[in-house]
Amino acid sequence: MFSGYRIARSSKWTEYDRDALAEAAVLADMWELESIKKMAMDSLHQLKPLPVQRLTLGRKLRNAKWILDAYVDIYCQDTAPSNKDIEQIGWDTCHKIIQLRERRLRKDPHPQWNRWSVWDYDSL
């Protein structure tokens, strides 16, 4: 029915396209239209959304892979989440991520030298 349908009319994706795809995925999930949900999520994945965008959309769609990947990306960022990011992901989540980062830095003051393990599984 929708195979081959292209949402963007040009090669440049806009923020409008990103929002439209996100809403399409949410509605498709709500109405249990798996093929449309998959098409929207695949298209969104090609846009390479920011970790916070993936986390909020992953929560809406109950997509465990997007949620976990977003947590890892936020954890591995060189900077702390911005105030806007904190508002979107929530203070509790942000606090846990920052605690894990702080714990890692105390164990290994030079994390760029040893990136073997991202998560401290004992704390999860």
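Buried here means under 20% relative accessible area and exposed means over 50%, with partly exposed in between (1.4 Å probe, protein chains only). The model is predicted, so local features need pLDDT of at least 70 and side-chain atom pairs count only at pLDDT 80 or more, while totals for chains, interfaces and linings use all residues. Residues are numbered from 1 along each chain as its sequence is written, and side-chain values use heavy atoms, leaving out hydrogens and water.

Let's start with helix H2, residues 34–46 (helices are DSSP runs of H or I, at least four residues, numbered from the N terminus). Its 13 residues should span 18 Å at 1.5 Å a residue, because the expected span is 1.5 Å times one less than the number of residues. The end C-alpha atoms of H2 are indeed 18 Å apart. Buried in H2 are Lys37, Ala40, Met41, Ser43 and Leu44. Seen down the axis, these fall within an arc of 160 degrees (taken from the directions from the axis to the C-beta atoms), so they line one face of the helix. Turned away from that buried side are the exposed Ser35, Lys38, His45 and Gln46. After H2 comes Lys48, with a positive phi near 50 degrees.

Now for the cores. A nonpolar core is a set of buried Ala, Val, Leu, Ile, Met, Phe, Trp, Tyr and Cys residues joined through side-chain atoms within 4.5 Å. The largest one has eleven residues, among them Val52, Ile74 and Cys94. Helices H3, H4, H5 and H6 each give two or more residues to this core, and H4 provides the largest share, four. A second, separate core of ten residues includes Met41, Leu44, Leu47 and Trp66.
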